[in-house]
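Student: Before I rely on the labels attached to a model, I would like to see how each one is earned. Could we go through them one at a time?

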Amino acid sequence: MKNNLRVERAIKNITQAELAELIGVSRQTINTIESNKYVPSTVLALKIARVFEKPVEQLFILEDAD
Amino acid sequence: MKPQFLFPTWTRWLGLALFLVHLPVILICKSYDIHSDPVDSGMFGSGHLFFVLTVVLMVSGLFLIAFARERIEDEQIYQLRLSSLRWAIFANYLILIICLIFINNKADYKDMLGLNLWVPLLLFIIIFRWKIYRLNRSLKPE
C-alpha cells in the first residue's frame with residue numbers, strides 16, 4: 001500500500017506535527033505512515049481522510065503486491 | 001482508538017523511584033548478611049517486612065514502569081506494546097522451559113520460579129524501550 005500523505009500535506013500546507021495533533025496521534029506515527037513503514041487502522045485512515053476532505057482511496061492506494 | 005487502561009504517565013517515574021529505592025535495601029541486607037527467610041514468622045515479622053521492602057518494591061516499581069501511559073499513546077505505540085509483551089512472554093517461557101529441563105534440585109527450582117516475578121516485566125520494559133528508540137531513530141526528516 002502506498003499513500004499520498006506527503007503530497008496532500010504539502011497542498012494543505014501543514015506539517016506532520018500539525019496533522020498529528022489534528023487526529024490525535026504522535027508525529028512519529030504520521031512519519032512512519034508517510035514512509036510506508038506503518039499501516040494505519042481504518043479509523044485512523046478515515047480521520048486522515050476527513051482532515052484532507054478526500055475519500056480514503058485517494059490518500060491510500062493498494063499496490064499489486066498487497 | 002478506544003482508550004486502553006494504563007497508569008498515568010507520571011507513574012513511570014514513581015515506578016523508577018520504587019525500583020531504585022529497593023537497590024540500596026538489597027545491598028545493605030546482603031552486606032550485613034540478613035536473610036530473607038523469615039526466622040520469626042508472622043505478618044509483621046522482620047522476615048516478612050524484609051520481603052515487602054525488597055521484592056514488593058521491586059515488582060511494583062517494574063509494574064508501574066511497564067504499564068505507564070506514553071505521553072501520546074496512539075495505535076502505533078499500542079502495537080509496539082503488544083509485540084514487546086509477546087516477545088517478553090515468549091523469551092520468559094523459553095528460559096523457564098530450558099531451566100526446568102536442566103535444573104535438578106529443589107532449591108534451584110525455587111530460585112528459578114522466583115525469577116518469574118520480575119523477568120517478564122524487565123524484558124518487556126527493555127524490549128518496549130528499545131522498539132521506541134528504534135522507531136525514533138528511523139524517522140525520516142520532513
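**Salt bridges and burial**

Tutor: Let us begin with the salt bridges, of which there are six over all chains, bearing in mind that this is a predicted model.

Student: What makes the pair A:R6 and A:E34 a salt bridge?

Tutor: The closest N and O atoms of A:R6 and A:E34 are 3.6 Å apart, and the cut-off for a side-chain nitrogen of Lys or Arg and a carboxyl oxygen of Asp or Glu is within 4 Å, so the pair counts as a salt bridge. The pair links distant parts of the chain, with A:R6 in helix α1 (residues 5-12) of chain A and A:E34 in helix α3 (residues 27-34) of chain A, 28 residues apart.

Student: How do you know whether A:R6 is buried, exposed or partly exposed?

Tutor: Buried means under 20% relative accessible area and exposed means over 50%; A:R6 has 34% relative accessibility, which lies in between, and therefore counts as partly exposed.

Student: And why is A:E34 called buried?

Tutor: Its relative accessibility is 8%, which is under 20%, so A:E34 counts as buried.

Student: Which residues are linked with these two in a network of salt bridges?

Tutor: The network of salt bridges links A:R6, A:R9 and A:E34. A:R9 also forms a salt bridge with A:E34, the closest N and O atoms being 2.5 Å apart; this pair, too, links distant parts of the chain, since A:R9 is in helix α1 of chain A and A:E34 is in helix α3 of chain A, 25 residues apart. A:R9 has a relative accessible area of 6%, and because that is under 20%, A:R9 is buried.

Student: What is the salt bridge between B:R12 and B:E70 based on?

Tutor: The side chains of B:R12 and B:E70 meet at 3.1 Å, N to O, and this is within 4 Å, so the pair satisfies the rule. The pair links distant parts of the chain, B:R12 being in helix α1 of chain B and B:E70 in the loop between α2 and α3 of chain B, 58 residues apart. Both B:R12 and B:E70 are buried.

Student: How many helices and strands does chain B have?

Tutor: Chain B comes to five helices and zero strands, and buried residues make up 32% of its 142 residues.

Student: How do you know what span is expected for helix α2 of chain B?

Tutor: Helix α2 (residues 46-66) of chain B has 21 residues, and the expected span is 1.5 Å times one less than the number of residues, so 30 Å is expected. From its first C-alpha to its last the helix reaches 29 Å, close to that value. α2(B) also bends by about 30° at B:V56.

Student: Which residues of α2(B) are buried, and what covers them?

Tutor: The buried residues include B:F50, B:T54, B:L57, B:M58, B:G61 and B:L62, and what covers the buried residues of α2(B) includes α1 (11-31), α3 (75-102) and α5 (119-137) of chain B.

Student: What makes B:I89 partly exposed?

Tutor: B:I89, which lies in helix α3 of chain B, has 39% relative accessibility, and because this is neither under 20% nor over 50%, B:I89 counts as partly exposed. Patches are made of residues with over 30% relative accessible area, so B:I89 passes that cut-off as well. B:I89 is one of the residues that make a nonpolar surface patch of about 1000 Å², among them B:W87, B:F90 and B:Y93.

How values were computed
Residues numbered from 1 in each chain as written. Chains lettered and ligands numbered in written order. Predicted model: local features only at pLDDT ≥ 70, side-chain atom pairs only at ≥ 80, totals over all residues. Heavy atoms only, no water. Helix = DSSP H or I, 4+ residues; strand = E, 2+ residues; numbered from the N terminus. Bend = angle between axes of the 7 residues up to and from the residue. Buried < 20%, exposed > 50% of the residue type's maximum accessible area, 1.4 Å probe, protein only. Contact = heavy atoms within 4.5 Å. Patch = residues over 30% accessible without salt bridge, like charges linked within 9 Å, V, L, I, M, F, W, Y side chains within 5 Å. Areas by Shrake-Rupley, 256 points an atom, 1.4 Å probe, with all protein chains shown as cover.
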